[in-house]
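Subject: Handover of a structure

Dear colleague,

Please find below the structure that I am passing on to you. I would be grateful if you could look it over before reading my findings.

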Amino acid sequence: MKAVLPLALLTLAALPGCASAPAPPAAASVTGTVVWRERILLPPTTRVIVRLQDVSLADAPAKVLAEDVLEGVHAPPAAFKLAYDPKAIVPNHRYSVSARVEVEGQLRFINDTHIAVINDGPVSGVEVLVKGVGR
């Protein structure tokens, strides 16, 4: 009976360590800037929308993993940060950053090239060149 009591106390002392939840994974992010070559000052109603997308499936819409909306950007560069869950990243998938600039809800600039990030490219210092659209 005396040997059982110390063993029971040792077991109870170890239980709180088993009950603690694992720490959540640190959020990862893709950072960079959106730039355009035109030397114009945009109005205060300008919105720059930057998205991190999974573009792995050829005949399906891209899955948006993160989005950053920058309000009132007057001139480039526009800095962005796309925070995403690292557990959502699949090693053999392709990820891309896209950007668009809207003025009063109308598309003014958009990128027209694939910008690889994460598995096939960088996660910091990403530069997204957007080009003017016809009016």
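The findings are set out below, beginning with the overall make-up and then turning to the strands and the salt bridges.

Please note at the outset that this is a predicted model.

Overall make-up

The protein has 135 residues, and 28% of them count as buried. Its secondary structure consists of 1 helix and 9 strands. Along the sequence the order is α-β-β-β-β-β-β-β-β-β. Among contacts with a separation of 6 or more, 66% are accounted for by residues 24 or more positions apart. The exposed area of the protein is about 8700 Å², of which carbon and sulfur atoms supply 59%.

Strands 1 and 4

Strand 1 (residues 28-35) and strand 4 run antiparallel and are joined by 7 bridges. Within this pairing, Thr-31 has Lys-81 in strand 4 as its bridge partner.

Strand 4 covers residues 78-84, and its side chains alternate. Ala-78, Phe-80, Leu-82 and Tyr-84 point to one face and are buried. Ala-79, Lys-81 and Ala-83 point to the other face and are not buried. In general, side chains in a regular strand alternate between the two faces of the sheet.

Salt bridges

The count of salt bridges comes to 4. Three pairs are described here, including two that link strand 2 with strand 3.

In one of these, Arg-47 pairs with Glu-71, with the closest N and O atoms 3.3 Å apart. Because Arg-47 lies in strand 2 (residues 46-54) and Glu-71 in strand 3 (residues 63-71), this pair ties together parts that are 24 residues apart in sequence. Arg-47 is partly exposed, at a relative accessible area of 30%, whereas Glu-71 counts as exposed, at 56% relative accessibility.

Arg-51 and Glu-67 also meet through their side chains in a salt bridge, at 2.6 Å from N to O. Arg-51 lies in strand 2 and Glu-67 in strand 3, so the pair ties together parts 16 residues apart in sequence. Arg-51 is partly exposed, with a relative accessible area of 27%, and Glu-67 is partly exposed too, at 44% relative accessibility.

A further salt bridge brings together the side chains of Glu-102 and Arg-100, at 2.9 Å from N to O. Here Glu-102 is buried, with a relative accessible area of 12%, while Arg-100 is partly exposed, with a relative accessible area of 24%.

Yours sincerely

How values were computed
Residues are numbered from 1 along each chain as its sequence is written. This is a predicted model: local features need pLDDT of at least 70, side-chain atom pairs count only at pLDDT 80 or more; totals for chains, interfaces and linings use all residues. Side-chain values use heavy atoms; hydrogens and water are left out. Helices (H or I, at least four residues) and strands (E, at least two) are DSSP runs, numbered from the N terminus. Buried means under 20% relative accessible area, exposed over 50%, partly exposed in between (1.4 Å probe, protein chains only). Two strands pair if DSSP finds at least two bridges between them. Contact means heavy atoms within 4.5 Å. Accessible areas come from the Shrake-Rupley method with a 1.4 Å probe; for residues, only the protein chains shown count as cover.
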